[in-house]
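Biologist: I have a structure open in front of me and would like to learn how to read it. Could you take me through it feature by feature?

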Amino acid sequence: MADLDACIDLIESSYEYMLAYAAQGRDNEAGGTGPSIRATLENLSAALGDITSYFDLDDYSEAMRPFFAFAGQDVVRARAAVNFALAAPNISSQLVDNLNASMHLRTLLTDLFLIDEALKAVKRGG
């Protein structure tokens, strides 16, 4: 299992690649240059599976627990959306563009930005 920072970095970099892929206007995932969109989404799904282990509510202060509780639900929803896209026999740019626009994925990214900054502040002591 990767550490929390590595999971967050992988999720963010996957999303950045997805934005670039969506802009290509590809009808077919085969061919092209760069990483495979399917491999990118598979790695994203795995990172979303790994990150749930960091949402153990006992590890956080009473004030942080409610946020981690609903952020954990956002992880489940975002992973379901990613896995739904992976189930398609062909992953077009339009499919990825719609996945990028999904509120489930966007909400999770915002959650992770907040979590990342809040935990950095806790480590710094305020």
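Modeller: Gladly. Let's start with one residue: Ser-45 lies in helix α2. Helices (H or I, at least four residues) and strands (E, at least two) are DSSP runs, numbered from the N terminus. Before we go on, this is a predicted model, in which local features need pLDDT of at least 70 and side-chain atom pairs count only at pLDDT 80 or more, while totals for chains, interfaces and linings use all residues. Residues are numbered from 1 along each chain as its sequence is written, and side-chain values use heavy atoms, with hydrogens and water left out.

Biologist: Is Ser-45 buried or exposed?

Modeller: Buried means under 20% relative accessible area, exposed over 50%, and partly exposed in between (1.4 Å probe, protein chains only). Ser-45 counts as buried because its relative accessibility is 6%.

Biologist: Which residues is Ser-45 in contact with?

Modeller: Contact means heavy atoms within 4.5 Å. Leaving aside neighbours within four places in sequence, Ser-45 is in contact with Arg-79, Val-82, Asn-83 and Leu-86.

Biologist: How many helices and strands are in the chain?

Modeller: The chain has five helices and zero strands. Read from the N terminus on, its elements run α-α-α-α-α. Along the principal axes, the C-alpha atoms fill a box of roughly 50 × 25 × 25 Å.

Biologist: How do I read the contacts for the chain as a whole?

Modeller: Look at how far apart the partners are in sequence. Of the contacts in the chain with a separation of 6 or more, 76% are between residues 24 or more positions apart.

Biologist: What about burial: what share of the 126 residues is buried?

Modeller: Buried residues make up 40% of them. In soluble globular proteins, nonpolar side chains tend to be buried together. A nonpolar core is a set of buried Ala, Val, Leu, Ile, Met, Phe, Trp, Tyr and Cys residues joined through side-chain atoms within 4.5 Å. Here the largest such core has 36 residues, and those with the most contacts inside it are Leu-41, Ile-51 and Phe-55.

Biologist: Which helices supply at least two residues of this core?

Modeller: They are α1 (4-23), α2 (37-51), α3 (65-86), α4 (93-101) and α5 (103-124). Helix α1 gives the most to this core, with nine residues. For a closer look, select Leu-41: not counting residues up to four places away in sequence, Leu-41 touches Met-18, Val-82, Ala-85, Leu-86, Ile-91 and Leu-99.

Biologist: How many aromatic pairs does the structure hold?

Modeller: Rings of Phe, Tyr and Trp (its six-membered ring) pair if their centres lie within 6.5 Å; planes under 30 degrees apart count as stacked, over 60 as edge-to-face and the rest as tilted. The structure holds two such pairs. Tyr-17 and Tyr-21 form a tilted one, with 6.5 Å centre to centre and 35 degrees between the planes. These two tyrosines are four residues apart in helix α1, so about one helical turn separates them. Both Tyr-17 and Tyr-21 are buried.

Biologist: And the other pair?

Modeller: Phe-67 and Phe-70 pair edge-to-face, at 4.8 Å centre to centre and 75 degrees between the planes. Both lie in helix α3, three residues apart, about one turn of the helix. Phe-70 is partly exposed because its relative accessible area is 40%. Leaving aside neighbours within four places in sequence, Phe-67 is in contact with Asp-111, Leu-114 and Ile-115. The C-alpha atoms of Phe-67 and Leu-114 are 9.9 Å apart, with these positions 47 residues apart along the chain.

Biologist: Where is Pro-35 found?

Modeller: Pro-35 is in the loop between α1 and α2. Pro-35 is exposed, as its relative accessible area is 52%. Beyond its neighbours within four places in sequence, Pro-35 is in contact with Tyr-17 and Thr-40. Pro-35 and Tyr-17 are 18 residues apart in sequence and 8.7 Å apart in space, C-alpha to C-alpha.

Biologist: What should I look at towards the end of the chain?

Modeller: Try Lys-123, which is found in helix α5 and counts as exposed at 66% relative accessibility. Gly-125 is in the segment after α5 and also counts as exposed, at 67%. From Gly-125 to Met-18, C-alpha to C-alpha, is 35 Å in space and 107 residues in sequence.
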